[in-house]
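Me: I am new to this structure and would like a quick tour. Shall we take it in short questions and answers?

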Amino acid sequence: VNHVTLADSTLGAGFSSTNAGSLVSNSIAWGNHDGGFWGTFSGSSSCNIDQSSTVGTNIDPKFMGSGNYHLSLSSPVVDTCNTGLPFDLNYRTRPLGLKYDPGAYEGYFPKTFIPMVRK
């Protein structure tokens, strides 16, 4: 499980392991009814945000909200992972900053519209 965002599930994060060889990295399990990741994971799990503190830090990632799981500009977890996949779920190149963002999306850039003035 690499660069995955598991959020707003009524039954928990939906990922559990009892295999000591399991690897979870650069992923977020947050805002789930029954907690984050559950089970037994290997020590190789890294750079995760986990509301259950099973395989990561319990810190609010500050999503954009209302089903938008991009990290907000004020997110404390932006640029916190040393390694990562080359592209995010939107097929944007990773990393956008000095380091990688955890979760499915790398950074958030709202669309800016510039009015056209014709003379």
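Me: Is Ser66 buried or exposed?
Reply: This is a predicted model, and its values are computed. Ser66 sits in the loop between strand 6 and strand 7. Its relative accessibility is 86%. Over 50% counts as exposed, so Ser66 is exposed.

Me: What is the phi of Ser66 near?
Reply: Ser66 is a residue other than glycine. Even so, its phi is positive. The value is near 50°.

Me: Where is Ser53, the other serine I want to ask about?
Reply: Ser53 is not a glycine, yet it has a positive phi of about 60°. At 43% relative accessibility, Ser53 counts as partly exposed. Its place is the loop between strand 5 and strand 6 (63-65).

Me: How many helices and strands does the protein have?
Reply: Reading along the sequence gives the pattern β-β-β-β-β-β-β. No helix appears in that pattern. The count is zero helices and seven strands.

Me: In what order do the strands of the open sheet stand?
Reply: Three strands form this sheet, and their pairing is parallel. Strand 1 (5-7) and strand 5 (49-50) stand at the edges. Each has a single partner strand, so one side of each is left without a neighbour in the sheet. The order is 1-3-5.

Me: Which residue of strand 3 is the bridge partner of Leu6?
Reply: Strand 1 and strand 3 (residues 28-30) run parallel. Three bridges join them. In strand 3, the partner of Leu6 is Ala29.

Me: Which residues make up the largest nonpolar core?
Reply: In soluble globular proteins, nonpolar side chains tend to be buried together. Here, 36% of the 119 residues count as buried. The largest nonpolar core has six residues in all. They are Ile28, Trp30, Ile49, Phe63, Leu71 and Val77.

Me: How many residues does the second core have?
Reply: This core is separate from the largest one. Leu6 and Ala29 belong to it, and these two are also bridge partners. Phe37 and Val55 are included too. The second core has five residues.

Me: What kind of aromatic pair do Phe63 and Tyr69 form?
Reply: Phe63 is buried, with a relative accessible area of 18%. Tyr69 counts as partly exposed, at 24% relative accessibility. Their rings are 5.3 Å apart centre to centre, with 85° between the planes. Planes over 60 degrees apart count as edge-to-face, so the pair is edge-to-face.

Me: What kind of aromatic pair do Phe87 and Tyr91 form?
Reply: The structure holds two aromatic pairs, and this is one of them. Phe87 is partly exposed at 33%, whereas Tyr91 counts as exposed at 61%. The centres are 4.2 Å apart, with 10° between the planes. Planes under 30 degrees apart count as stacked, so this pair is stacked.

Me: Which residue forms a salt bridge with Arg94?
Reply: The structure holds one salt bridge. Its closest N and O atoms are 3.0 Å apart. Both Arg94 and its partner lie in the segment after strand 7 (68-71), so the pair ties together parts that are twelve residues apart in sequence. The partner is Glu106.

Me: What is the relative accessible area of Glu106?
Reply: Arg94 is buried, with a relative accessible area of 5%. Glu106 is buried as well. Its relative accessible area is 0%.

Me: Is the peptide bond from Arg94 to Pro95 cis or trans?
Reply: Pro95 has its place in the segment after strand 7. The bond that leads to it from Arg94 has omega near -15°. That bond is cis.

Me: What distance separates the C-alpha atoms of Ser74 and Met64?
Reply: Ser74 is found in the segment after strand 7. It counts as exposed, at 51% relative accessibility. Ser74 and Met64 are ten residues apart along the chain. Their C-alpha atoms are separated by 9.6 Å.

Me: What share of the exposed area do carbon and sulfur atoms supply?
Reply: The protein exposes about 7,100 Å². Carbon and sulfur atoms supply part of that area. Their share is 57%.

How values were computed:
Residues numbered from 1 in each chain as written. Predicted model: local features only at pLDDT ≥ 70, side-chain atom pairs only at ≥ 80, totals over all residues. Heavy atoms only, no water. Pairing = 2+ DSSP bridges. Helix = DSSP H or I, 4+ residues; strand = E, 2+ residues; numbered from the N terminus. Core = buried A, V, L, I, M, F, W, Y, C linked by side-chain atoms within 4.5 Å. Buried < 20%, exposed > 50% of the residue type's maximum accessible area, 1.4 Å probe, protein only. Salt bridge = Lys/Arg side-chain N within 4 Å of Asp/Glu carboxyl O. Phe/Tyr/Trp six-rings, centres within 6.5 Å; stacked < 30°, edge-to-face > 60°. Areas by Shrake-Rupley, 256 points an atom, 1.4 Å probe, with all protein chains shown as cover.
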